Amino acid sequence: MSRAYFTITYLPENCDVTLLAGRCIGILHGFMNKLSCNHIGVSFPKWTDKHLGNQIAFVSEDKTALKNLSQQNYFEMMAHDKLFEISVIKPVPADATEVRIIRDQSLGKLFMGEKRRRMERAKRRAEARGEEYTPQYVSSDIEISTFHKIPIASKRNQNDFVLHLRLELANSIQNTFNSYGFATNEEYKGSVPLLAF
């Protein structure tokens, strides 16, 4: 079955593209959870090492699901207000480079805020077991490839968090994604066309 996609272009100049991407991904997340599906992937046609770009694309074999997603209230409201331009649904070009955009949670663990949060959680757990908490420092030299951070607002528990995304070339087309439309390091190996225009 052939894949299709539609794009959303953020029209305001100098807008916070990561914030708008996060809102669009949040809409996809709600949509996929409501339908209990994991077959819509996210691509960023203008992704560079320095910038996420002012465009997001949604890719799937299920054209009906793409049509329904493109008609979500938030997208239509932003298009009506001339803040988004939503494309028609188009077939994925046969010569498009296939990539995997990976939500890499291990990247978040490298930042001080996340390290502090994990230490506080470990301390609470040790105290709950009646043990003394003794933090241990483990030094690690890790080479990190280019990645982008996208803030997400959680509706369920009101805790905001960050998606750390990195891009790698894919050898084959796979269509299973997490509920945010991305591949993961382990379970979901979904790939999307790069769609660079």
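1. Contacts of Lys90. In this predicted model, Lys90 is in contact with Ala4 and Tyr5, once its neighbours within four places in sequence are left aside. Lys90 belongs to strand β5, residues 90-91. With a relative accessibility of 36%, Lys90 counts as partly exposed, because that class lies between the buried limit of under 20% and the exposed limit of over 50%. A further link to the start of the chain is given by C-alpha positions: Lys90 and Arg3 are 87 residues apart along the chain, and their C-alpha atoms are separated by 8.8 Å.

2. Overall composition. The chain contains five helices and 10 strands. Of its 197 residues, 38% are buried. The accessible surface of the chain is about 12,100 Å², and carbon and sulfur atoms account for 49% of that surface. Where contacts join residues at least 6 apart in sequence, 69% of them connect residues at least 24 apart. The pairs listed under points 1, 6, 7 and 8 may be read with that percentage in mind.

3. Helix α1. Helix α1 covers residues 17-35. The helix has 19 residues, and the distance from its first C-alpha to its last is 27 Å, close to the 27 Å expected at 1.5 Å a residue. Its buried residues are Val17, Leu20, Ala21, Gly22, Cys24, Ile25, Ile27, Leu28, Phe31 and Met32. As a general matter, an α-helix has 3.6 residues a turn, so residues three or four places apart point the same way. Ser36 follows α1 and has a positive phi, near 50 degrees.

4. Packing of α1 against α3. How do the axes of α1 and α3 cross? Helix α3 spans residues 73-80, and its axis comes within 9 Å of the axis of α1, with a crossing angle of roughly 140 degrees. The arrangement is therefore oblique, because only angles over 145 degrees count as roughly antiparallel. On the α1 side the contact involves Leu20, Arg23, Cys24 and Ile27, which meet Tyr74, Phe75 and Met78 of α3. Classified by residue type, this contact comprises six nonpolar residues, one charged residue and no polar residues. Leu20, Cys24 and Ile27 also appear among the buried residues of α1.

5. Asn14. Asn14 is not a glycine, yet its phi is positive, at about 60 degrees. The residue is located in the loop that joins β1, residues 4-10, to α1. Is Asn14 buried or exposed? Its relative accessibility is 82%, so Asn14 counts as exposed.

6. Lys82. A positive phi, near 60 degrees, is also assigned to Lys82, a residue other than glycine. Lys82 sits in the loop between α3 and β4, the latter covering residues 84-86. The relative accessible area of Lys82 is 63%, so the residue is exposed. The C-alpha atoms of Lys82 and Leu11 are separated by 7.1 Å, although the two residues are 71 apart along the chain.

7. Arg103 and Arg166. Arg103 is placed in strand β6, which runs over residues 98-103. Despite its charged class, Arg103 is buried, with a relative accessible area of 15%. Which residues does Arg103 touch, not counting those up to four places away in sequence? They are Phe161, Leu163, His164, Leu165, Asn178, Tyr180, Phe182, Ala183, Thr184 and Asn185. Arg166 is located in strand β8, which covers residues 160-169. At 17% relative accessibility, Arg166 counts as buried, because the limit for that class is under 20%. The C-alpha atoms of Arg166 and Arg100 are separated by 8.3 Å, with their positions 66 residues apart along the chain.

8. Asn171. Asn171 lies in the loop between β8 and β9, where β9 covers residues 183-184. With 83% relative accessibility, Asn171 counts as exposed. What is the C-alpha to C-alpha distance between Asn171 and Val99? The two are 8.1 Å apart in space and 72 residues apart in sequence.

How values were computed: Residues are numbered from 1 along each chain as its sequence is written. This is a predicted model: local features need pLDDT of at least 70, side-chain atom pairs count only at pLDDT 80 or more; totals for chains, interfaces and linings use all residues. Side-chain values use heavy atoms; hydrogens and water are left out. Axes are lines fitted to C-alpha atoms, for helices over the stretch in contact, and angles run from 0 to 180 degrees between N-to-C directions. Helices (H or I, at least four residues) and strands (E, at least two) are DSSP runs, numbered from the N terminus. Angles under 35 degrees count as roughly parallel, over 145 as roughly antiparallel, 65 to 115 as roughly perpendicular and the rest as oblique. Contact means heavy atoms within 4.5 Å. Buried means under 20% relative accessible area, exposed over 50%, partly exposed in between (1.4 Å probe, protein chains only). Accessible areas come from the Shrake-Rupley method with a 1.4 Å probe; for residues, only the protein chains shown count as cover. The expected span of a helix is 1.5 Å times one less than its number of residues.
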